Structures are given as C-alpha cells and as structure tokens.
Amino acid sequence: MKYMIMQILFICGCIICFALTGCGADRSAGIIDIQAEGPSETKDEKNTEDAEDKAEEQTQSVVAVYVCGHVNRPGVYELASGSRVCDAIEAAGGVKEKADAEIINQAETVSDGMRLYIPSRDEASNVDRMSQGAGGRSSGSVPPAVNSQDSGLVNINQADREELMQLSGIGESKADSIIRYREENGPFSKIEEIMNIRGIKEGVFDQIKDSITV
C-alpha cells in the first residue's frame, strides 16, 4: 500500500513538473517574439519618416516658372531651386529672332510662381523710351503691361489674359487668341491688327478701340 502511494505521488510530481516546464517555454517564446517584433516595427516607422522627409525636400527644391512672350516654347517649367532667368529661357527653347533678351536681367534668381515675359525689340524700345523720359533705363524684368499702368490703356502687346479680359467683349477664349497671335506673329504694329484674330471684328473693335494701345 505504501509502495502504491509513493508511485502515485511520483506520477503527480512528474505531471506538475511537465506542466510548469511547458508554461515557462511558452512564456519565454512570447518574450522572444515580442523582442523580435519591436525593432522591426521601429525600422518601418523610421523608413516611412525618411521617405516623407525626402519627398518634402524634393518639393522644396523645385520651382515652377511661367515663361512667355517671344520664346520658342512658352509654358510652365519646373526648375531646380536657385535657378537663374537664363535657365528658364533655355528651358523654353531660347528666344525668338525678334526678341530682346538683353533688357531682362538673366542673372536674377527665379522664384516659385514667377511669370517671365520676354519682350520683342519693339516692345523693349517702347519701354526704353518711357524709362528715359522718367530719368533713365530701368533694370530687371519688363512689367507685363507698362503702358496700361501709365496711360490707363491696355497694351495688347504686353497684357496678360486677365488684363485682356477686362476689355469689353473679350472673354477667356479671345484673350488666349490674342496672346497666341502675338507669340506666333510678333507684336501688333497698330491696334487695328487685332481684327486679324478670329471672333474680333468691327463690332468688338469699336467697343475696345478707345481702351487699347500698342
């Protein structure tokens, strides 16, 4: 009887030891899993932050410049931050034969959202005469509509879309046509030439002739 009791106690002891050993292994494996997962999640977060920082740096290092007027390929161009006006002109395919790029400060640094207008020699001559009358030739980029500021008239050779659309009977489509016409054919030599544009005939011309100049 005593022998049987000892056997039963031995078997119970083995069962208890086995159970405790199994729980310890499970707990140890859990700790290893947690420790293994921790660094992996931290690395993923770091990679995400690095990618966001890199994207932000790339965005800040690019500026958009609208190059128009007497260049071969007018349009909006993305340039590296710190680029010069000469770089923007080169991106637009260079200037046309009738252009006067010397009046522009080509060493000037471009800025995001900048509008760079390259005038013709005739336009530059008009600006030069006005500047001399004011006491000397000005430097820097030619304003988009010099005459409209000084005389109250809209210069159809220099005005941008918004300024042209202020004229009676000139909507967005006609304003774009005026800009495209002077880019392809050079500046208007007289205001009557605006009637060469489709949709602008005598009726519209009579409405705007007292408000425009060249």
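I take contact to mean heavy atoms within 4.5 Å. The model is predicted, so I note that local features need pLDDT of at least 70 and side-chain atom pairs pLDDT 80 or more, while totals for chains, interfaces and linings use all residues. Residues are numbered from 1 along each chain as its sequence is written, and side-chain values use heavy atoms, with hydrogens and water left out.

I began with isoleucine 170, which, leaving aside its neighbours within four places in sequence, is in contact with Leu164, Met165, Ala175, Ile178, Ile200, Val204 and Ile208.

Next I looked up the largest nonpolar core, a core being a set of buried Ala, Val, Leu, Ile, Met, Phe, Trp, Tyr and Cys residues joined through side-chain atoms within 4.5 Å, where buried means under 20% relative accessible area, exposed over 50% and partly exposed in between (1.4 Å probe, protein chains only). This core has 19 residues, of which Leu164, Ile170, Ile178 and Ile194 touch the most other members. The elements that give two or more residues to this core are α6 (172-185) and α7 (202-208), helices here being DSSP runs of H or I of at least four residues, numbered from the N terminus. The largest share, 4 residues, comes from α6. I also found a second, separate core of 18 residues, which includes Val63, Val85, Ala92 and Ile118.

Is glutamate 90 buried or exposed? I found glutamate 90 in helix α2 (residues 85-91), and it is exposed, with a relative accessible area of 60%. Glutamate 90 and asparagine 72 are 18 residues apart in sequence and, C-alpha to C-alpha, 9.6 Å apart in space.
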